[in-house]
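Grab a coffee and open the viewer. Here are a few exercises to work through at the bench, each with a solution that goes step by step.

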Amino acid sequence: MTWQLGLYATAILVPLIAFVVQLAAGRRLGHRTAYVATAAIGLSFVLSLVGFVSYFAEVARSRPHHGASPVVWRGDLSWVGLGPSVPGLPASSPGRPLELRLGLDVDNLTVLMFLMVTFVATVVHVFALAYMRGDPRYSRFFAYLSLFCASMLALVASSNLFFVFAAWELVGFCSYLLIGHWHEEIANVDAASKAFLVNRVGDVGMLVGLGLLWANLGTLDIRTINDQIRDGDGQLNVATVEGSSVVELRNPGAVDIATGLPRRIGYGLLVVAGLGLFAGCVGKSAQFPLHVWLPDAMAGPTPVSALIHAATMVAAGVYLVARVFPVFTPEVLLTIAYTGGITLFIAGSIAMVQADFKKVLAYSTVSQLGFMMIALGVGGRSAGLFHLMTHACFKALLFLGAGSVYHAVHTYEMPALGGLYRRMRTTALTMLAATMAISGVPLFSGFYSKDAILASTLHFVMGQPEHILLFLLPAVGAAITAFYMFRLWFLIFAGQPRSPAASRASEGERLLTWPLIALAVPTVALGWPVTILPFFGFEPILERMLEYGEPIESIDPGGVQWWAMGASVLVLSVGFGLGALYYGPWIAWRRLDPKKTAHRFGPIHEFLARKWYFDELYRAVLVAPTLAIARAIGWTDRRAIDGAVDGVAWITERFSRFEGVFDRVAIDRLVGLIARGVYATGDRARWLQNGSLPTYLMVLAVAVVGLFAAMFAWILA
Amino acid sequence: MTAIESARQTLVILVPEMLILFSAIAMMTAGAFVSLPRRVWSIMSAVTLLVAMLLLFGLRHQVTDLYGSVALNDAMSGYGRLLFVLTGLILLGMAHDQVDDARAPEFFGSLLMINAGAMLVVAANELVFLFVGLELVSIPTYLLLYLSRRNATTQEAATKYFFLSIFSSGLLLFGLAYLYGMVGVSNLKALAFLAQGLPTDPNAVNAPPIMGLSNTPHPILGLIALVFVMAGLGFRVAAVPFHFYAPDVYQGSPTVIAALLAWVPKGIGFVAILRTLTAVLPTGEAPPDNNLTEQAVVLSWIIAVVTMTLGNTVALAQTNLKRLFAYSSIAHAGYLMIGVAVAFRNGDLAAHGLVPGVTPSELGSEAVLFYLVSYSLMTLGAFAVIIGLSTPERPVETLDDLAGLAKSHPILAFSMAVCLFSLAGIPPLAGFIGKFNLFVAAFAASGGDDARMYQSLAVIGVVNSAIGAYYYLKIVVAMYYRDPVGAPLAPRLTWPTASAIGTCTSLTILLGLWAQPIYVASRESAVALASHGHPVAIMASNEDDRSTAEKRLREADEAEREARARRGLQWAPPVRRKP
């Protein structure tokens, strides 16, 4: 076990310990618990940074190539193990017939995720120190944040899908607690429940997937499955056994200990398992058709939206897809791509017409997650992950900026804002940077990641032209993104204030603005290590870091990159141009009026404003009938038993009447005869029967005791 | 081994039950003469249970003759009885102040008798003995229902339970009579041995098989037995369509009795299903072809699907807590039936690759037994919180009564939330691992012709657990996010109730974080359930030549040890007395 592993274990445990401390000493420390939480996550960030540098140094020494195994630090301990351990098997294989191992597995992806999560979390903690001040549940808020950080870090470091799932549920649970933080309003509670339950729907698939893998492959160790399910060329190990095609785990190590045969899973089952795992990711990453919870989740405090519902937890679905990438068969990957494509389009179209700017950001998050999914689906694994990193920075910045605006004006309604640029310059400029990043303005981080995604999809579509939609959807989606983001920025910051609150607004304290500046740095510069710095002779650090250990079947877009770049600049100018024409303050001569357009496309506008009627649809098709059935059966249960009892009573009564007649005629005489006989016998035993109940009981009790004593004496003899 | 020797061994292993029964009888008898405060009676009960637990530890190496005795002391019996003593103590903690002084001796006596009955069922190796154990649970339950508050709803609940329970006992007895009538043997291990359809003469090639249920000349009789036994036990576990009584009876009876009904009959019902039906159905590694197993699987598949779906759906619309928990317990019976359906499957999994040498039958039993442990803890914990909160003046009946609990009683609310999340199957709690095992067992059993059947069963189970999350979450939302409604709760929480709550909550978390001991216990129990001894043992007991018999026994022990080692278990041959 290397020291780095201890480092990462500490980075997970520190927030967890902070959580326990905050719970235990919450009363005594009062509001100072917030500093405990912030210091803990800050320490985790420092540890992750050390880990990153150390990993980078180690990788620089070994210089792995594309597709080569990356440096991996792993260590685990047996959590559940049944049966004797079998010596002589490689360490990567489960040493026992049935074993679940609790462990950490740190590779390049984990290193980067740690750095990203702890950085954003630290910044958000600092922001929340000021933003949440005066909240009645201030210390509880930070306690939950600490728990969230610990579980999120555990999620990205777990070596075993079982524990990934446990952490997965824990982050969902923290999200539930934090969405409902202001539970005085019943709408927030509903939003929290909705988030939790919609995620449970996704978990159905996840559990099915886990169950299938566990039952067939006998292991849930991610690295074992990833390394062994494909051969050296990145092809699935498909074999034909008894007429049906199965996928085998490659030797060595994955051999069934008893039979000596390789572990295998039917091809169809592998497809189902892949779809199941993806369903879990659909829930967590708010993809169509389970995207409905994320916009409602904005009911939580804004720092929570920034950390959990934009940067980290919702990206966990994308992370998991990337993590178990080799398990997905081509059919599943295509499903992933189309799900991402549909999601990014639907969510983007809804974001265009929302008036609440936090809702715009929420749908924008859904849409960007769709971008990541489509990238992974077409095989652009590093493009999707790159977008995950850049998106975490600029979306966290956008949400914190939104929080800063809300702190000043106490509204999220864009019609009531405007002209804030002059009053809140730091917020406006940092948010402009983020807006340019997400829209894909060249030199900003988002440009490079979105460009990489478009290049991946273009490459895929050039190979399979029938899937042209997979290029068109993200291209149109990118234009939509630029449109709604510039709309948002213009409506909030440009022009003249449209309400008294907006005209009185002022920048908040430094604790609110510094986090924005801290996030603005990577928002602008995160793309440079990939593109600009290599020109000056540096290693393409980030790109390499993302590509280490990438499965071979993922694609390298290569030459189409320049076409994609052209396309992305084109869609950017379309989106930005439309946004400026409608909402730009300075173009007086040929202005487009959004109201008029909305009027002309009335039904479409209404359709988008009502979010494609998803909530109404789910309510009418799923929720209402289920509840109706539940009530109906509940009522029947209540009635049926009474009916049955009454019926039996009726039959019994009839029968007893008949019996009565029979009794009087025949039985009574016989009974009378017997009774007289018994009485005569009993008369002789009268000395014992003095008529007192206690005596009877006494005799009985003595008899029982005597019997027991005799029996025990015999047994123990 | 002589019959008297065998009887003597059986009596020795049943000492804990006899002690409990004796103590119960003594209490009920003494109650007629002396009037003591209920504290004394409950302490006496607790001491009895603790001594019984010590005795169980002391007797754990005792063995009995597989085919000669009415009770066994195998792993199943040991762990199961330990579980029932433990939950008996938890129930006692919940019940200690729920009855007035006048009725205390009868009340606690009945509680002890129920405990003894449950332990007998777990240990039973004989159809009649099993039935006696089941009735020893039922009859004191009637008494408990009548003893409690005497108002119209309680009376109605008691009457309903009484009549329906009698009815189901009749069904069960009928089924058991058929089982006995077909083979002429009532010893469960002997039935299991016969069910394997081994040839009468191992040396002759074409020898006719030993007659068992699998090759009875009247297969329809086997089906009748199967259906009636399932019906009789289905009532105990509140499986659809024998669930009708549960919501009414839970709602009408005092909370502590509802807790008892939600756990003890369900626990022993499933153990009895596993004990009897996996014994009579050929579920070994290489069973003969036979329709009865398939019919059993189909039957339990249907019951499982209908039970969990109905339980979960109807619970969605409930606001009365006890009704809600009644439907929740029905739903959990459905999850457990998944494991039963797997336990009925025959054949070997080795070709399939999950766990070498473990039959699906063992895998299913293992999952059921694991789930029973977590179910008992989380259900009793939830009921214990309700009991701890209720007072006669301010009972906790509906969801609204729990509103705002997190503010007024944060620790109780936390315990309740842990139990509810565990019931909903959220990791890392005991309930999640239990559910995971059940679903995995179903996936692992899916091979060959009925693969789709088991896969769909697992998927339906997972979907149901997602539906179930809704109504558990509804309670959590009420506790944590809503403001109190009506008069404030004024619980008088006593330490026994508090420690019952604490035990359930902490074990629910602990077993979620460290499940290894329960895994091992349920695996060993499942193997013990499925083992049907060695045919040699029967012959040896009949042979005159003792040295030959002993040699054969040693060989058989060695074979058994090897067989278990293949399944990943350690086993030492029992210490046998010289014949």
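The exercises below go from whole chains to a helix pair, a sheet and some single residues, and keep in mind that this is a predicted model.

**Exercise 1. The two chains**

Task: work out how many helices and strands chain A has, and how many helices and strands chain B has. Then add burial, contacts and exposed area for each chain.

Solution:
- Step 1. Start with chain A, whose secondary structure comes to 27 helices and five strands.
- Step 2. Look at burial there: 55% of the 717 residues of chain A count as buried.
- Step 3. Turn to contacts in chain A between residues at least 6 apart in sequence; 77% of these link residues at least 24 apart.
- Step 4. Check the surface of chain A, which exposes about 29400 Å², with 68% of that supplied by carbon and sulfur atoms.
- Step 5. Now do chain B, which has 22 helices and zero strands.
- Step 6. In chain B, 63% of the 579 residues are buried.
- Step 7. Of the chain B contacts with a separation of 6 or more, 80% come from residues 24 or more positions apart.
- Step 8. Finish with the surface of chain B: about 19800 Å² is exposed, and carbon and sulfur atoms make up 66% of it.

**Exercise 2. Two helices that cross**

Task: find out at what angle H18(A) and H23(A) cross, and which residues make the contact.

Solution:
- Step 1. Locate the pair: helix H18 covers residues 469-493 of chain A, and helix H23 covers residues 561-583 of chain A.
- Step 2. Compare the axes, which come within 8 Å and cross at roughly 35 degrees.
- Step 3. Get the hand: the crossing of H18(A) and H23(A) is right-handed.
- Step 4. List who touches whom. H18(A) brings residues including Phe471(A), Ala475(A), Phe483(A), Phe486(A), Arg487(A) and Phe490(A), while H23(A) offers, among them, Ala567(A), Val571(A), Gly575(A), Phe576(A), Gly579(A) and Tyr583(A).
- Step 5. Sort the contact residues of this helix pair by character, and you get 17 nonpolar, two polar and one charged.

**Exercise 3. A sheet in chain A**

Task: work out the strand order of the open sheet with three strands in chain A, and say why one side of each edge strand has no neighbour in the sheet.

Solution:
- Step 1. Read off the order, E3-E4-E5 of chain A, with antiparallel pairing.
- Step 2. Go to the edges. Strand E3 (238-241) and strand E5 (264-266) of chain A each have a single partner strand, so one side of each is left without a neighbour in the sheet.
- Step 3. Add the twist, which averages 40 degrees from one strand to the next.
- Step 4. Zoom in on E3(A) and strand E4 (residues 244-248) of chain A: they pair in the antiparallel sense over four bridges. Here Val238(A) has Val247(A) in E4(A) as its bridge partner.
- Step 5. See what packs on the sheet: helix H9 (residues 267-284) of chain A touches E3, E4 and E5 of chain A, and its direction makes about 85 degrees with that of E5(A).
- Step 6. Do the other pair, E4(A) with E5(A), which is antiparallel over three bridges. Val246(A) stands opposite Gly266(A) in E5(A).

**Exercise 4. Buried or not?**

Task: decide whether Thr457(A) is buried or exposed, do the same for Thr33(A), and then classify Leu36(B).

Solution:
- Step 1. Place Thr457(A) in helix H17 (residues 445-463) of chain A.
- Step 2. Its relative accessible area is 0%, so Thr457(A) is buried.
- Step 3. Beyond neighbours within four places in sequence, Thr457(A) is in contact with Ile374(A), Val378(A), Leu470(A), Phe471(A) and Pro474(A).
- Step 4. Thr33(A) lies in helix H3 (residues 33-62) of chain A. With a relative accessible area of 1%, Thr33(A) is buried.
- Step 5. Leaving out the same kind of close sequence neighbours, within four places, Thr33(A) is in contact with Gln22(A), Gly26(A) and Ser139(A).
- Step 6. Leu36(B) sits in the loop between helix H2 (15-31) and helix H3 (38-58) of chain B. Its relative accessibility is 33%, so Leu36(B) counts as partly exposed.
- Step 7. Not counting residues up to four places away in sequence, Leu36(B) touches Trp41(B) and Asp101(B).

Terms used
Residues numbered from 1 in each chain as written. Chains lettered and ligands numbered in written order. Predicted model: local features only at pLDDT ≥ 70, side-chain atom pairs only at ≥ 80, totals over all residues. Heavy atoms only, no water. Helix = DSSP H or I, 4+ residues; strand = E, 2+ residues; numbered from the N terminus. Buried < 20%, exposed > 50% of the residue type's maximum accessible area, 1.4 Å probe, protein only. Contact = heavy atoms within 4.5 Å. Areas by Shrake-Rupley, 256 points an atom, 1.4 Å probe, with all protein chains shown as cover. Axes fitted to C-alpha atoms, helices over the stretch in contact; angles between N-to-C directions. Left-handed = near helix turned anticlockwise from the far one by under 90°. Nonpolar A, V, L, I, M, F, W, Y, C, P; charged D, E, K, R; others polar. Pairing = 2+ DSSP bridges.
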